[in-house]
Amino acid sequence: MSKNIAIIIAGGSGSRMGQDIPKQFINVYDKPILIYTLESFERHPLIDAIEVVCIDGWEQVLQSYAKQFNITKLKWIVKGGSTGQESIRNGVYNLENHVNADDNIIIHDGIRPLVDDAVLSDVISKCDKYGNSVTSMPYNEQIFVIDDEISTVKYIPRETLKRVSTPQAYKFDLLFDKYHEAFEKEIGIYGSHYVNTMMVELGVRLYFAAGSDKNIKLTTKDDLEMFKAHLKADKNNWLK
């Protein structure tokens, strides 16, 4: 039976947050954001092991926090790269001698701490069925295509669109092969590219899994306030 291995990407510096430390290590109610993320994977019964791709120089800090907050599934800490895609590649390559070809590799942003258990379960289920899966949500706004700097004459029907984020999962052999191909051919590895866009650039059909509006990415101070509000709301629900 295939195993489920999570790669948590925490290699960024988080300059847009305007803090002195990487945003994944910012404390919210006496706990780093990254630990909230790791706890979601730690408690999920289908997750067998966790690897974190960590910003260079913070590996020991992560080790200490993992011990303090009892993240027992954390097996590997890998140094991040100079870009997001390099960081993910480092994490994938590190697993070569630790996992099997048909294991599910679940990739997730370390600064998306509100990972819903049902979303994670569906991503794993769809990957088992199709070989890959990406968390998705409908797009509810109207999308217009820029014609010039001040006007437009064309829109894209929102029914044809999906918002895709993480977690997303891929069989290890697919992930490993495609990262080699992408970096050899220099396809899908620059700018804002991520695993999903790289896969499509390389001709892979992706399969949708369930998503959640709670699954926010903490990029700005406003996002941080939204995260705090979610935590407070959850705490109030527990107390009822």
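**Close-up 1. Residues of helix H3 meet residues of helix H5 in this predicted model**. On the H3 side, the contact is made by Gln85, Glu86, Ile88, Arg89, Val92 and Tyr93. On the H5 side, Phe172, Leu175, Phe176, Tyr179, His180 and Phe183 take part. By type, the residues of this contact divide into eight nonpolar, two polar and two charged.

**Close-up 2. Helices H3 and H5 cross obliquely**. Two packed helices are described by the angle between their axes and the distance between the axes. H3 spans residues 84–94, and H5 spans residues 172–185. Their axes come within 10 Å. The crossing angle is roughly 135°. Angles over 145 degrees would count as roughly antiparallel, and 65 to 115 as roughly perpendicular; H3 and H5 are therefore oblique to each other. The crossing of H3 past H5 is left-handed.

**Close-up 3. Strand S2 is covered on both faces**. S2 runs over residues 49–54. Six of its six residues are buried, so the strand is largely enclosed by the rest of the structure. One side carries Ala49, Glu51 and Val53. The other carries Ile50, Val52 and Cys54. Glu51 is thus among the buried residues of S2.

**Close-up 4. Strand S2 pairs with S1 and with S3**. S1 (residues 4–10) and S2 are parallel and share six bridges. Ile5 has Ala49 of S2 as its bridge partner. S3 (residues 74–79) also runs parallel to S2, joined by five bridges. Here Ile50 stands opposite Leu74 of S3.

**Close-up 5. Asn4 is a buried residue of strand S1**. Its relative accessible area is 6%. Buried means under 20%, so Asn4 falls within that class. Leaving aside residues up to four places away in sequence, Asn4 touches Leu46, Ile47, Asp48 and Ala49. Asn104, Ile106 and Ile124 are also among its contacts. Tyr36 lies 32 residues from Asn4 along the chain. The C-alpha atoms of Asn4 and Tyr36 are separated by 19 Å.

**Close-up 6. Helix H1 is mostly covered**. H1 spans residues 33–43. Nine of its eleven residues are buried. The buried set includes Ile33, Leu34, Ile35, Tyr36, Thr37 and Leu38. Ser40, Phe41 and Glu42 of H1 are buried as well.

Methods: Residues are numbered from 1 along each chain as its sequence is written. This is a predicted model: local features need pLDDT of at least 70, side-chain atom pairs count only at pLDDT 80 or more; totals for chains, interfaces and linings use all residues. Side-chain values use heavy atoms; hydrogens and water are left out. Axes are lines fitted to C-alpha atoms, for helices over the stretch in contact, and angles run from 0 to 180 degrees between N-to-C directions. Helices (H or I, at least four residues) and strands (E, at least two) are DSSP runs, numbered from the N terminus. Angles under 35 degrees count as roughly parallel, over 145 as roughly antiparallel, 65 to 115 as roughly perpendicular and the rest as oblique. A crossing is left-handed if the near helix is turned anticlockwise from the far one by less than a right angle, and right-handed if clockwise. Contact means heavy atoms within 4.5 Å. Ala, Val, Leu, Ile, Met, Phe, Trp, Tyr, Cys and Pro count as nonpolar, Asp, Glu, Lys and Arg as charged, and the others, Gly among them, as polar. Buried means under 20% relative accessible area, exposed over 50%, partly exposed in between (1.4 Å probe, protein chains only). Two strands pair if DSSP finds at least two bridges between them.
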